[in-house]
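Trainee: I would like to learn how to read a model like this one, feature by feature. Could you walk me through it?

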Amino acid sequence: MEFEYVKHMASMDTDTLDAIMEHYGSDIWNYAYFLTGQHALADDIAQEVFIKAYYGIHTFRGQSSLKTWLLTITRHTAFRHKKSFFLRRVTLLDRIQPAGHSISAETEYLDRQYTDDIWDIIMELPVKFREVLVLDLHYDMPIQQIAELLGIAAGTVKSRLYRARQKVQNKLGEHQI
């Protein structure tokens, strides 16, 4: 682990803070944005998270990864702002095309539209399903880390993921009829 030494710190120096912000900054901002759906609020939350980490590093015990700890702070901070809604439009993953192969504008539009439709469906899910799905799909977090972050059992995460996927598949089926 790159920041293994952090769990032994009583206080953080600015060089370590800069390194942590550089390494995890986009993950923290993206997660804050997923939780709030607002750029400005995500900026504020990300800044607040790193301030809290800087002053509260002595509370990091290393029982989870530094990333999980920071994402937990992000989640609590966002919820405290009482803005727990998610963004409306994101892309899952940009398609990577082999060299020399291009897709038509129509195909690209349809792919993006399909991706937008999927995310629209995800955003309509109840928060408990939406959150586990975003952490799984976007952050590729293992079940155990999601459980630690949300403070629930791993079995509950698996159940919610299964039910969330079923709900998305059912909605996709309805849209295609």
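Mentor: Gladly; we will go from the overall fold to the core, then to some helices and a pocket. Keep in mind that this is a predicted model.

Trainee: Let's begin with the secondary structure. How many helices and strands does the protein chain have?

Mentor: The protein chain has seven helices and zero strands. Read from the N terminus, its elements run α-α-α-α-α-α-α. As for burial, 38% of the 177 residues count as buried.

Trainee: How should I think about a nonpolar core, and which residues have the most contacts inside the largest one here?

Mentor: The general idea is that nonpolar side chains tend to be buried together in soluble globular proteins. Here, the largest nonpolar core holds 50 residues, and I20, L66 and L70 have the most contacts inside it. Two or more residues come from each of α1 (14-36), α2 (39-56), α3, α4 (105-124), α5 (127-137), α6 and α7 (154-175). The top contributor is α1, with nine residues. The core also takes at least three residues from each of domain 1 (1-115) and domain 2 (116-176).

Trainee: Can we look at some single buried residues? Where is Y24 found?

Mentor: Y24 is in helix α1. Its relative accessible area is 10%, so Y24 counts as buried, the cut-off being under 20%. Y24 and L70 are 46 residues apart in sequence, yet their C-alpha atoms are 8.3 Å apart in space.

Trainee: And L71, is it buried or exposed?

Mentor: L71, which lies in helix α3, is buried, with a relative accessible area of 0%. Its C-alpha atom is separated by 8.2 Å from that of D27, a residue 44 positions away along the chain.

Trainee: What about a residue outside the helices? Where is L125 found?

Mentor: L125 sits in the loop between α4 and α5. L125 is buried too, at a relative accessible area of 7%. Measuring from C-alpha to C-alpha in the model, L125 and K167 are 7.9 Å apart, with their positions 42 residues apart in sequence.

Trainee: Now for whole helices. Why is α5 described as largely enclosed by the rest of the structure?

Mentor: Count its buried residues: eight of the 11 residues of α5 are buried, so the helix is largely enclosed by the rest of the structure. The buried ones are F129, R130, E131, V132, L133, V134, L135 and D136.

Trainee: Which residues of α6 are buried?

Mentor: In α6 they are I146, A147, L149 and L150. Looking down the helix axis, these buried residues fall within an arc of 165°, so they line one face of α6. Just after α6 comes G151, with a positive phi of about 70°.

Trainee: Last, pockets. How do I find empty space, and which residues line the second largest pocket?

Mentor: In general, rolling a probe the size of a water molecule over the atoms shows where empty space is left. In this model, the second largest pocket contains about 180 Å³ of space. Its lining consists of T59, F60, R61, G62, Q63, S64, T68, W69, T72, E148 and L149. The elements giving two or more residues to that lining are α3 (66-80) and α6 (143-150), and α3 gives the most, with three residues.

Trainee: How do the residues of that lining divide into nonpolar, polar and charged?

Mentor: They divide into three nonpolar, six polar and two charged residues. One of the lining residues, L149, is also among the buried residues of α6.

Conventions
Residues are numbered from 1 along each chain as its sequence is written. This is a predicted model: local features need pLDDT of at least 70, side-chain atom pairs count only at pLDDT 80 or more; totals for chains, interfaces and linings use all residues. Side-chain values use heavy atoms; hydrogens and water are left out. On a 1 Å grid over the protein atoms alone, a cavity is a set of points where a 1.4 Å probe fits but cannot get out, and a pocket is an open set with protein on both sides within 12 Å along at least five of seven lines; lining residues have an atom within 4 Å of a point. Grid points are joined across faces, edges and corners, and a volume is the space filled by probe spheres set on the points. Helices (H or I, at least four residues) and strands (E, at least two) are DSSP runs, numbered from the N terminus. Ala, Val, Leu, Ile, Met, Phe, Trp, Tyr, Cys and Pro count as nonpolar, Asp, Glu, Lys and Arg as charged, and the others, Gly among them, as polar. A nonpolar core is a set of buried Ala, Val, Leu, Ile, Met, Phe, Trp, Tyr and Cys residues joined through side-chain atoms within 4.5 Å. Buried means under 20% relative accessible area, exposed over 50%, partly exposed in between (1.4 Å probe, protein chains only). Domain bounds come from an automatic or database domain assignment. The arc is that of the directions from the helix axis to the C-beta atoms.
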